[in-house]
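Trainee: I have the entry open and should like to go through it with you. May I start with the overall fold and then turn to the charged side chains?

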Amino acid sequence: MKSPDLKIRPETHTDVSAIRAVNTAAFPTAAEAALVDRLRGRLQPWISLVAEAGGVVGHILFTPVQLGAHSAMALGPMAVLPGHQRDGVGLALVRAGLQACADAGHNLVFVLGHPDYYTRFGFKPTHAFGISCEFQAPPEAFMVAELQPGALQGMRGIVRYHAAFNDV
């Protein structure tokens, strides 16, 4: 259950080491933490949120991707400290992040992740729309959420991420 003192807010420069620690603790290797560090300051738009509950306990990142001539955002990585997983931190981060993307005028968000988790936020497999990912992934794991109804109309092709994602 979500902690009542959970606060979601934009990343600040003082959060860098805490974000690195959260990503390192949440994943089997430090690759995701290194990716976030490599991308920081190099990409615009950049939506990076932290979850606080007596300190930074979670992090979510949205970065730009290209689908042909169209720009969109991609969710990932998202990380929650192991001791705070399954208590609503990830849920709060995804909801706040999707809202931040919509507020910034983005119409589409892609994610490469677990279908059982992300479909609750309105993500749908992209293969049904003729869209694929440049990375090898099961078709059901690459998904898209329309933040504006009809935003997928006429969209087809391969979603391209920043080159730094090739190192993960």
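Trainee: What share of the contacts with a separation of 6 or more comes from residues 24 or more positions apart?
Mentor: Please keep in mind that this is a predicted model. Residues 24 or more positions apart account for 65% of those contacts in the protein.

Trainee: Which pattern do the helices and strands follow along the sequence?
Mentor: The order is β-α-α-β-β-β-α-β-α-β-β-β-β, made up of four helices and nine strands.

Trainee: What radius of gyration does the protein have, against that of a compact globule?
Mentor: The value is 15 Å, which agrees with the figure near 15 Å for a compact globule of 168 residues. The C-alpha trace spans about 45 × 30 × 30 Å along its principal axes.

Trainee: And how much is buried?
Mentor: Of the 168 residues, 44% count as buried. The accessible surface comes to about 8,400 Å², and carbon and sulfur atoms hold 54% of that area.

Trainee: Changing topic to charges: how far apart are the mean positions of the positive and negative ones?
Mentor: They are 2 Å apart, with 13 charges of each sign.

Trainee: How many salt bridges are there in the whole structure?
Mentor: A search finds five. One of them joins E52 and R9, with N and O 3.1 Å apart. E52 belongs to strand β2 (residues 47-52) and R9 to strand β1 (residues 7-10), so this pair links parts of the chain 43 residues apart.

Trainee: Are those two side chains buried or exposed?
Mentor: R9 is buried, at a relative accessible area of 15%. E52 is partly exposed, at 22%, given that the cut-off for buried is under 20%.

Trainee: What does E11 pair with?
Mentor: E11 forms a salt bridge with R40, and their closest N and O atoms are 2.6 Å apart. Because E11 sits in the loop between β1 and α1 (16-26) and R40 in the loop between α2 (31-39) and β2, the pair ties together parts 29 residues apart in sequence. E11 is itself buried, at 17% relative accessible area.

Trainee: Which residue does R20 meet?
Mentor: R20 meets D37 in a salt bridge of 2.7 Å, N to O. R20 lies in helix α1 and D37 in helix α2, so parts 17 residues apart in sequence are tied together. R20 counts as partly exposed at 35% relative accessibility, and D37 is partly exposed at 26%.

Trainee: Which residues make up a salt-bridge network?
Mentor: E11, R20, D37 and R40 are linked in one.

Notes:
Residues numbered from 1 in each chain as written. Predicted model: local features only at pLDDT ≥ 70, side-chain atom pairs only at ≥ 80, totals over all residues. Heavy atoms only, no water. Helix = DSSP H or I, 4+ residues; strand = E, 2+ residues; numbered from the N terminus. Rg over C-alpha atoms; globule rule 2.2 N^0.38 Å. Buried < 20%, exposed > 50% of the residue type's maximum accessible area, 1.4 Å probe, protein only. Contact = heavy atoms within 4.5 Å. Areas by Shrake-Rupley, 256 points an atom, 1.4 Å probe, with all protein chains shown as cover. Lys, Arg positive; Asp, Glu negative; His and termini not counted. Charge placed at Lys NZ, Arg CZ, Asp CG, Glu CD. Salt bridge = Lys/Arg side-chain N within 4 Å of Asp/Glu carboxyl O.
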